[in-house]
Amino acid sequence: MNAVVRTAKPSQLIRGATGDWEVVIGLEVHAQVNSEAKLFSGASTTFGNDPNANVSLVDAAMPGMLPVINVECVRQAVRTGLGLKAAINRRSIFDRKNYFYPDLPQGYQISQYKNPIVGEGRILIDMPDGETIEVGVERLHLEQDAGKSIHDQSPVYSFVDLNRSGVALMEIVSKPDLRSSEEAKAYVSKLRTILRYLGTCDGDMEKGNLRADVNVSVHKPGTPFGTRCEIKNVNSIRFIGQAIEYEARRQIGIVEDGGTIVQETRLFDPGKGETRSMRSKEEAHDYRYFPDPDLLPLEFTQDFVDALAAHLPELPDEKKARFVRDYGVTPYDAMVLTLERASADYFEAVAKGRDAKAAANWVINELFGRLNKEGKGIEASPVSADQLGAIVDLIGDGTISGKIAKDLFEIVWAEGGDPRTIVETRGLKQVTDTGAIEAACDAVIAANPDKVQQAKAKPTMIGWFVGQVMKQTGGKANPQAVNDMLKGKLGIE
């Protein structure tokens, strides 16, 4: 890894037996391109089909079969590069990366080496402490995926499924700018968000559509970077964090015991929470890269790039800034609301023409909280944006109280229906009649003379009285009206 300016904060340093250590992390994220056909053939990319159902003669490397570039994959790569604020290289070259695996029929992978389709870019990540960190992107190149070897179907044989063989991948390589497992997890999460906004990758890690190779090294602050090890094919953001934590401490232990780090490729075992050696790390020259003789250099015009740029969606950073500016929500709330494009769209539908801060509060706390509890995405929400907006309106015009609103939310979640109709038919309207409120206040005061004396000495006790009145009115009294009336009756300023 080349030296970079960024250094870890004191809180990010790892304590070892001989002092503090800094971890340096770089990520190579493999994102499957959203396209109906593979990178160099017309075979389907549909997930879940029978083994070897999505295989053309090109994917199976039959003699004489030549690759033909899928222009949609090129478009998706360029759109991703634009979304990463990266340089777009209008001329790139496909190379053969030579190595052997049983699930790589050609005996080589068609990739890009010295001349990738996308150059340097950047990603901004928001940390929980409010800090925004810029992480450099080194490059994005297109390559074809390998197939899958299956070893658990027979005690004697291994099987090969070539459905993934030839599927288009974007390998997005970060600069070694990350200094903790938390930063690495935030980086992958933000990258996945950007890809989903663009529609260039669905980011489904369970299906293998997004996975990461994690490069980790350690060194004492102020000294040159250490030797890195690569952890291959980590398919969960949580596992990425665990792998980094284990690997950093493993390397520190070796060096502090007088050993040296061997550059190698390792695997992460989620069950044991540890990394283990897979093979010595290959260098680029070990792959014998050379330009693929069956593919001409990939060239396109600036007009091609400009046309794609003109139709990009509003991306998370721009949307977050607009939410803060136009809706007055906090930067943190704006970040939460824009994590998914569908969530941001839902919030805007609720907030339009209403109290945006109240809308944000209901979307984040009530809706997102309930969705997370039940393991549902925003697309599966039983409460529509129109329904939630109606609940916010009912609070805003004083028809219902906040407590009633939560009960109403539960009814709409479970049964559906129009919130205003539910309030009317079930008698959920807030009590604003001062006579009824005064009667309830008088009853509570008369029943608790000892508490009255305590409240005069300790004004904060008015909250207890408010609670009792709300209880007596079934939660339907206007809380502010109750509070004001009690202050007058108890002589509290």
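**Exercise 1.** In this predicted model, determine whether Phe 409 is buried or exposed, and then describe how Phe 409 and Trp 413 are arranged as an aromatic pair.

*Solution.* Begin with accessibility: Phe 409 has a relative accessible area of 1%, and because buried means under 20%, Phe 409 is buried. Trp 413, at 8% relative accessibility, counts as buried by that criterion. Next, take the geometry of the rings, whose centres are 6.0 Å apart with 40° between the planes, so that the pair falls between the limits of 30 and 60 degrees and is classed as tilted. Finally, place the pair in the fold: Phe 409 and Trp 413 are four residues apart in helix α10 (residues 402-415), and are therefore separated by about one helical turn.

**Exercise 2.** Work out which parts of the chain are tied together by the pair of Phe 239 and Phe 268.

*Solution.* The search of the whole structure gives 13 aromatic pairs, one of which joins Phe 239 and Phe 268 in a tilted arrangement, with 5.9 Å centre to centre and 50° between the planes. Since Phe 239 belongs to helix α3 (residues 237-256) and Phe 268 to strand β13 (residues 264-269), the pair ties together parts that are 29 residues apart in sequence. Both Phe 239 and Phe 268 are buried.

**Exercise 3.** Identify which strands stand at the edges of the open sheet β5-β4-β15.

*Solution.* The three strands follow the order β5-β4-β15 with antiparallel pairing. β5 (108-111) and β15 (290-291) each have a single partner strand and stand at the edges, so one side of each is left without a neighbour in the sheet. Between β4 (residues 95-98) and β5 there are four bridges, and Arg 96 has Ile 110 in β5 as its bridge partner.

Key
Residues numbered from 1 in each chain as written. Predicted model: local features only at pLDDT ≥ 70, side-chain atom pairs only at ≥ 80, totals over all residues. Heavy atoms only, no water. Pairing = 2+ DSSP bridges. Helix = DSSP H or I, 4+ residues; strand = E, 2+ residues; numbered from the N terminus. Phe/Tyr/Trp six-rings, centres within 6.5 Å; stacked < 30°, edge-to-face > 60°. Buried < 20%, exposed > 50% of the residue type's maximum accessible area, 1.4 Å probe, protein only.
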